[in-house]
Amino acid sequence: MKNITRRTFGAQLLMAGTALASAQVPLQEKSAPPASPAAPHVPLGGSSLTEWPAGYDPKQLGTALAAHFQSTSHLRPTRIIYPEVCAWYGALEVARVTGNKELIAALQARFEPLFTTENALLPPRGQHVDFSMFGSLPFELYILTSDKRYLDLGLSYADAQWASPDAQGLTPETRYWVDDMFMITIVQVQAYRATQDAKYLNRAAKEMVSYLDKLQQPNGLFFHAPDVPYYWGRGNGWFAVGMTEMLRELPKGTPERARIEQGYHTMMASLLRYQAGDGSWRQLIDREDAWPESSGTGMFAYALISGVRHGWLDAAQYAPAARKAWLALAGYIDQDSNVTSVCEGTNKLNDLDYYLLRKRRTGDFHGQSPAMWTVAALLREA
């Protein structure tokens, strides 16, 4: 079923202040002014990750998405929660890869009150994966600005998460939900990026191998949890992005890298089999009766594009799928820079209808975030 909000308009409709002309040419007018030269035709198909049809340019769309995020209020008035952190991080990545210093400054200004008047909005430390991943955001700001306040704040979350590891070296926040493999690993990977201290990568790598062994199935996809045998789209997307972030940093020869690469490749091969003709994936990946869903599509687009750009995936086999995935994802972005058909927030439940009947949201940060991450993957230097 085709969504009425799918992108069917040209790039000119993405520009602020553009209005459709309503006046008609008078009948008595004998000649029209010469038409402007047509833009070069760029085909929808193929394997290029740099040339796009009008309306699908990642820099233009990503900048609009990031500016849209900057103009929003906090998602909750009492606490910063993880969907906002993910979108904030994505906006910063878009600003970084596009060299948009004005946007970086605006996103930094949004954070500044958290040191003073909005300090009560900071999530608690060392209690839950969804709270701890907040630390990834100040690390990103430290990397961009070298302001040590951000580093200290980020470390307070990354270190609290591992204050009392178990006998396997895993955080006590371990619960074996599929989304944890972004929530836990991103703060530790960001800690490594900010400090270059390998202990943070080692923590994340051990955690990810444990989750791979627990949740990945022979078909390459992941159950939501050991007791919930459904291949939820966004849940699998969290794991796909988590593995991608690990592989971007984990040195070759690290003991855990081979296991993570195996898990990544097995999943990417499975995603090829389940990708729809338009480039999207479904709310439950393996079910034809599930609806096409944008946040999982965005996360898979990010993982595939990154794999092709970094050479982890064979370009001849995977670049066409990666291109289709971006085109599908861009098609969910409406003229107000809101991503449509986003699955609402979802806990785990061993009930098929619970997943099939999830509400579809527009502008939900769960969908805005992967769209910006994917833009960054397309534009950053591999």
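This is a guided tour of the structure, stop by stop, with a note on what to select at each one.

**The whole chain**

Begin with everything shown, and keep in mind that this is a predicted model. Colour the chain by secondary structure and you should be able to pick out 14 helices and four strands. Of the 382 residues, 55% count as buried. If you switch on a surface, the chain exposes about 16,400 Å², and carbon and sulfur atoms supply 52% of that area. Among contacts between residues at least 6 apart in sequence, 73% join residues that are at least 24 apart.

**Helix H12 and its surroundings**

Select residues 315–331, which make up helix H12. This helix has 17 residues and reaches 23 Å from its first C-alpha to its last, close to the 24 Å expected at 1.5 Å a residue. Is H12 mostly covered, or mostly open? Twelve of its 17 residues are buried, and H12 is therefore mostly covered, since a residue is called buried when its relative accessible area is under 20%. Among these buried residues are Tyr318, Arg323, Trp326 and Gly331. To see what covers them, add helix H1 (58–70), helix H10 (255–274), strand S1 (281–282), helix H11 (294–310) and helix H14 (365–379), against which the buried residues of H12 pack.

Keep H14 on the screen for a moment. What span should the 15 residues of H14 have at 1.5 Å a residue? They should span 21 Å, and the end C-alpha atoms of H14 are indeed 21 Å apart, which agrees. H14 is mostly covered as well, with 14 of its 15 residues buried.

**Trp326 and the nonpolar cores**

Now select Trp326 alone and show its side chain. Leaving out residues up to four places away in sequence, Trp326 touches a list of residues that includes Trp52, Tyr56, Pro58 and Leu61, together with Ala301, Ile305, Ala371 and Leu378. The largest nonpolar core has 108 residues, and Trp326 is one of the four that touch the most other members, along with Phe134, Ile260 and Met268. Apart from this core lies another, of twelve residues, among them Ala225, Val228, Cys343 and Tyr355. In soluble globular proteins, nonpolar side chains tend to be buried together.

**Helix H7 and the largest cavity**

Next, select residues 180–195, which form helix H7, with Asp180 among them. Is Asp180 buried or exposed? Its relative accessible area is 0%, and Asp180 is therefore buried. Beyond its neighbours within four places in sequence, Asp180 is in contact with Val129, Arg175, Thr185 and Tyr211.

Further along, Val189 is also found in helix H7, and Val189 too is buried, with a relative accessible area of 0%. Leaving aside neighbours within four places in sequence, the contacts of Val189 are Leu201, Ala204, Glu245, Met246 and Glu249. Draw a distance between the C-alpha atoms of Val189 and Leu201, and you should find 5.8 Å, although these residues are twelve places apart along the chain.

The structure holds two cavities of 30 Å³ or more, and about 60 Å³ of space lies in the largest one. To find the largest cavity, select its lining, which consists of Tyr89, Glu93, Phe182, Ile186, Val241, Glu245, Tyr302, Trp373 and Arg380. Helix H2 (82–98), H7 and helix H9 (233–249) each supply at least two residues of this lining.

**Leu107 in helix H3**

Move to residues 101–111, which form helix H3, and select Leu107 within it. At 0% relative accessibility, Leu107 counts as buried. Apart from neighbours within four places in sequence, Leu107 is in contact with Phe69, Gln70, Trp88, Ala91, Leu92 and Ala95. The C-alpha atoms of Leu107 and Ala95, which are twelve residues apart along the chain, are separated by 9.1 Å.

**Two loop residues with positive phi**

Most residues other than glycine have a negative phi. Select Tyr176, which is found in the loop between helix H6 (148–161) and H7. Although Tyr176 is not a glycine, its phi is positive, at about 60°. At 17% relative accessibility, Tyr176 counts as buried, because that value is under the 20% limit.

For the last stop, select Ser341, in the loop between H12 and strand S3 (342–343). Ser341 is not a glycine either, yet it has a positive phi of about 55°. At 7% relative accessibility, Ser341 counts as buried.

Methods. Residues are numbered from 1 along each chain as its sequence is written. This is a predicted model: local features need pLDDT of at least 70, side-chain atom pairs count only at pLDDT 80 or more; totals for chains, interfaces and linings use all residues. Side-chain values use heavy atoms; hydrogens and water are left out. Buried means under 20% relative accessible area, exposed over 50%, partly exposed in between (1.4 Å probe, protein chains only). Contact means heavy atoms within 4.5 Å. The expected span of a helix is 1.5 Å times one less than its number of residues. Accessible areas come from the Shrake-Rupley method with a 1.4 Å probe; for residues, only the protein chains shown count as cover. A nonpolar core is a set of buried Ala, Val, Leu, Ile, Met, Phe, Trp, Tyr and Cys residues joined through side-chain atoms within 4.5 Å. On a 1 Å grid over the protein atoms alone, a cavity is a set of points where a 1.4 Å probe fits but cannot get out, and a pocket is an open set with protein on both sides within 12 Å along at least five of seven lines; lining residues have an atom within 4 Å of a point. Grid points are joined across faces, edges and corners, and a volume is the space filled by probe spheres set on the points.
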